[in-house]
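Reader: I should like to go through this structure with you. Could we begin with the ligand and then turn to the sheets?
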Amino acid sequence: PVILGIESSCDETSASVCADGTILSNIIANQKIHEAYGGVVPELASRVHQQNIIPAVQQALLNAKVSKNDIDAVAFTRGPGLLGSLLVGVSFAKAFALANDIPLIDINHMQGHVLAHFIGEDKPQFPFLCLTVSGGHTQIVLVKDYFDMQVIGQTQDDAAGEALDKTSKILGLPYPGGPIIDKYARQGNPNAFTFPEPQIPGYDFSFSGLKTAILYFIRDQEKLNPNFKEEHMADICASVERRVVTILLNKLKRAALDLEIKTVSLAGGVSANTDLRLGLQQLADEQGWKAFIPKFEYCTDNAAMIAIAGYYKYLKGEFVGQQVAPLARMPF
Ligand code: ATP
Ligand code: MG
Ligand code: FE
């Protein structure tokens with residue numbers, strides 16, 4: 001089957017075509033407008049989705065060299081996400097399905113991030129653990145089958161990406177902070193400064209303490225040297241990034257050892273992070289595990305992961321009707 005995938009949960013408008021499990025196109029329109037506000041403004045995000053959705057879909061069809069009559073089903077992100085943003089993608093998907101008389105497939109965005117691992121030749125075997133880290137989520141997911149997933153650990157406060165975005169704000173860097181911190185960190189020493197590792201039971205995480213520790217650290221240093229931030233930007237970024245990465249990987253390691261699972265993976269926007277990718281590979285090599293890390297373009301929000309998830313749901317024959325509505329909060 002040929003599946004059209006639609007993603008609009010946050011501030012990326014994305015469309016993708018997947019034919020029999022192979023991604024033929026993946027168009028991602030980023031929204032620059034939010035940079036000026038230091039974060040996503042929901043009301044603006046939905047308006048830009050409205051402008052971008054048709055061109056994104058047209059480009060996805062064009063790049064895939066298919067016409068709209070070739071599409072067998074439309075898969076869309078139903079949630080979780082910003083309601084106004086989701087509404088644009090859901091409404092488009094419904095209209096497209098109705099006009100072309102094809103079935104609709106609803107996809108959970110977080111399951112989509114996990115199922116990005118099934119794009120391409122080298123696919124993980126079940127069961128595996130997926131560390132799903134993004135702007136809104138930080139989860140360790142036990143993946144037993146395509147749509148049989150269990151969150152065994154999650155953040156009690158901020159998400160990992162949110163912690164990086166907030167740190168970058170403290171450092172006076174633009175939004176989104178994750179990629180910029182990553183860039184600075186490449187020139188810095190990750191052991192220059194030490195930030196605390198929170199003691200949280202089980203496989204859960206906490207990042208709000210880290211953010212406060214960084215805030216106080218910068219404030220104290222600036223009393224001694226007003227140019228501290230500017231002079232030590234690379235070392236600060238490398239040290240913060242290393243702490244976030246060790247917090248994440250220590251928990252993943254513990255979960256994998258406890259559950260005796262030998263396949264570990266990353267998903268979500270923060271899995272674009274250089275130190276995290278290297279760290280996971282190193283952990284897997286040490287332990288004799290297999291590590292799976294998606295290509296960069298399938299880490300941050302994209303419709304290819306929705307299209308591939310749609311493909312597997314299509315094979316199960318699981319469709320939804322025209323009454324379907326988006327869900328801002330959507331458990332697995
Ligand atoms: P969710 O998937 O939870 O709904 P989202 O849609 O905001 O949230 P994604 O697009 O998956 O999330 O991820 C965005 C996050 O990834 C941001 O917090 C951003 O800073 C972070 N990020 C992107 N690239 C990098 C990088 N190279 N290093 C670290 N973080 C990064
Ligand atoms: Mg985004
Ligand atoms: Fe996401």
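Reader: How many residues surround ligand 1, and which are the closest?
Author: In this predicted model, ligand 1 is surrounded by 23 residues. The closest are Gly135, Gly136, Gly161, Gly178 and Gly269.

Reader: Which helices each supply at least two residues of that shell?
Author: Helix 4, residues 160–170, and helix 5, residues 177–185, each do so. The largest share, 4 residues, comes from helix 5.

Reader: And what is the make-up of the shell around ligand 1 by class?
Author: There are 14 polar residues, 6 nonpolar ones and 3 charged ones.

Reader: Turning to annotation, which residues does UniProt give for the feature "domain: Gcp-like"?
Author: The UniProt record, an unreviewed entry, places that feature at residues 22–307. In the model, the end C-alpha atoms of this span lie 9 Å apart. Helix makes up 47% of the span and strand 17%.

Reader: Now the open sheet of 5 strands: what is its order?
Author: The order is 8-7-6-9-10, and the pairing is mixed. Strand 8 (148–154) and strand 10 (290–292) are the edge strands, each pairing on one side only. On average, neighbouring strands of this sheet are turned by 25° against each other, direction ignored.

Reader: In what sense do strand 7 and strand 8 pair, parallel or antiparallel?
Author: Strand 7, residues 138–145, pairs with strand 8 in the antiparallel sense, over 6 bridges. Within strand 8, Gln154 stands opposite Gln139.

Reader: Which strands does helix 8 lie across?
Author: Helix 8 (residues 233–259) lies across strand 6 (128–133), strand 7, strand 8 and strand 9 (263–267). Its direction is at about 160° to strand 6. Helix 9, residues 274–287, lies across strand 9 and strand 10, and runs at about 175° to strand 9.

Reader: Let us move to the N-terminal part. Why is strand 1 described as largely enclosed by the rest of the structure?
Author: Strand 1 covers residues 2–7, and 5 of its 6 residues are buried, so the rest of the structure largely encloses it.

Reader: What joins strand 1 to strand 2?
Author: A hairpin does, through 4 residues. Strand 1 and strand 2 (residues 12–19) pair in the antiparallel sense over 6 bridges, and Gly5 stands opposite Ser16 in strand 2.

Reader: How many bridges does strand 1 have with strand 4?
Author: Strand 1 pairs with strand 4, residues 73–79, over 4 bridges in the parallel sense. Ala73 in strand 4 is the bridge partner of Ile3.

Note on methods. Residues numbered from 1 in each chain as written. Chains lettered and ligands numbered in written order. Predicted model: local features only at pLDDT ≥ 70, side-chain atom pairs only at ≥ 80, totals over all residues. Near = placed C-beta within 6 Å. Nonpolar A, V, L, I, M, F, W, Y, C, P; charged D, E, K, R; others polar. UniProt positions renumbered as here; feature names shortened; annotations may be inferred. Pairing = 2+ DSSP bridges. Axes fitted to C-alpha atoms, helices over the stretch in contact; angles between N-to-C directions. Contact = placed C-beta atoms within 7 Å. Buried ≥ 20, exposed ≤ 12 C-beta atoms within 10 Å, placed from the backbone.
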